[in-house]
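Okay, let me pull this one up on the screen. I'll go through a helix pair and then a sheet.

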Amino acid sequence: MSHFHHIPIAAIAQETSDCISLTLAIPQELHDTFAYKQGQHLTLRAQINGEEVRRSYSLCSSPTEHQWQIAIKQIEGGVFSTYAHTTLAVGDCIEVAPPAGTFFTEVAPQVAKRYVAFAAGSGITPILSILKTHLALESESSFQLFFLNKTVQSIIFKETLENIRNTYLGRVEIFYLFTQEHRDVPLFNGRFTVSKMQELTQKIIDVSNTDDCFICGPKDMIFLIKDALVTAGMDAQNIHYELFFSGIAAKKQPQITSKTTTQATEVTMVATGKELHFVMHTADGTLLDGALAAGADVPYACKGGVCSTCKCKVVEGAVTMKVNYALEVEDVNNGWVLSCQAIPTTPKVVVDFDI
């Protein structure tokens with residue numbers, strides 16, 4: 001079951017022309033429930049035009065600040081972002097589920113670590129949380145941040161980033177790249193490319209002495225950067241990433257026929273200690289679609305294979321996923337799937353959300 005709490009909005013700030021930040025007033029009695037790791041996200045739920053809509057937003061605050069803050073960028077055609085920008089006000093309550101996500105590494109206070117991060121646009125939100133936390137709790141660690149935006153005016157949390165650089169002098173390097181503004185240094189003009197990454201790893205990033213890398217942005221950018229860093233010698237296991245999800249329904253994926261079955265599938269779902277049984281066909285969609293149609297209250301947020309809120313473990317039977325942007329290869333090999341992308345391929349499937 002998805003446990004949502006009615007949380008008041010303490011503050012709303014206009015960060016850029018198309019991005020607001022929301023500070024949530026988590027009640028004292030829920031502080032333990034809403035304790036979070038840097039880089040995690042919150043799932044928000046609202047009834048918009050008679051329909052339940054859920055979206056996940058990364059926390060841009062740090063656990064060291066004892067604050068819960070998210071940023072919501074206005075997306076053209078985005079149902080939830082439009083609602084947030086035009087309807088929500090200070091004092092309103094919004095339904096919020098406790099923090100989730102695995103986009104972080106554990107803090108190591110006694111270790112001097114070197115981090116590098118890449119962000120594009122609103123992808124700075126989890127990176128900002130990570131940056132604040134490691135710098136505050138690891139007194140000898142340092143960060144290099146490469147932040148891609150359209151223009152200077154579109155930089156979310158620019159003042160905050162500059163304050164961090166000034167607070168931790170010598171430990172933070174911030175490099176701004178722009179797609180619609182010209183910089184004197186050609187390297188910082190335009191999007192990340194293979195040649196640009198080669199130049200960065202040769203001239204600026206000391207790959208051999210970098211412990212961890214964090215990347216948040218669109219899919220193509222993430223995998224280009226990841227591949228370039230691996231080519232330059234970084235261990236892929238030390239490269240952590242999180243994809244954007246715009247909140248706009250993706251184009252329908254082509255039906256997977258080679259591994260799916262047209263026969264009815266008996267599905268058993270275990271969630272919060274309870275079992276739900278229902279029957280579905282390939283045409284019924286994913287396991288999550290089937291569960292929701294059967295009246296189940298199981299965790300989910302983006303429905304795009306990005307946030308991993310809906311992950312569960314296949315205990316019996318088999319499924320195939322349409323897309324997977326959230327689970328590592330090791331997770332999939334161990335039976336974990338994203339229920340929002342999983343289509344049954346055997347006559348019986350048992351999945352567990354509680355493991």
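So, which residues of helix 2 meet helix 3? From helix 2 you've got I124, L128, L131, K132 and L135, and across from them in helix 3 sit T160, L161 and I164. Sort the residues of that contact by type and you get six nonpolar, one polar and one charged. Keep in mind that this is a predicted model.

Now the geometry. Two packed helices are described by the angle between their axes and the distance between the axes. Here, helix 2 covers residues 124–137 and helix 3 covers 158–167, and they pack at about 20° with the axes 12 Å apart. Angles under 35 degrees count as roughly parallel, so helix 2 is roughly parallel to helix 3. As for handedness, the crossing of helix 2 and helix 3 is left-handed.

Okay, over to the sheet. It's an open one, five strands, and the order goes 13-12-18-14-16. The pairing in there is mixed. Which strands are at the edges? Those are strand 13, residues 274–280, and strand 16, residues 336–338, and each of them pairs on one side only. If you ignore direction, neighbouring strands of this sheet are turned by 35° against each other on average.

Let me zoom in on one pairing. Strand 12, residues 265–271, runs antiparallel to strand 13, and seven bridges join the two. If you want one bridge to click on, take V267: its partner in strand 13 is F278. And as a general reminder, strands of a sheet pair through backbone hydrogen bonds, either parallel or antiparallel.

That's my bit, happy to rotate things if anyone wants another look.

Note on methods
Residues numbered from 1 in each chain as written. Predicted model: local features only at pLDDT ≥ 70, side-chain atom pairs only at ≥ 80, totals over all residues. Heavy atoms only, no water. Pairing = 2+ DSSP bridges. Helix = DSSP H or I, 4+ residues; strand = E, 2+ residues; numbered from the N terminus. Axes fitted to C-alpha atoms, helices over the stretch in contact; angles between N-to-C directions. Parallel < 35°, antiparallel > 145°, perpendicular 65-115°, else oblique. Left-handed = near helix turned anticlockwise from the far one by under 90°. Contact = heavy atoms within 4.5 Å. Nonpolar A, V, L, I, M, F, W, Y, C, P; charged D, E, K, R; others polar.
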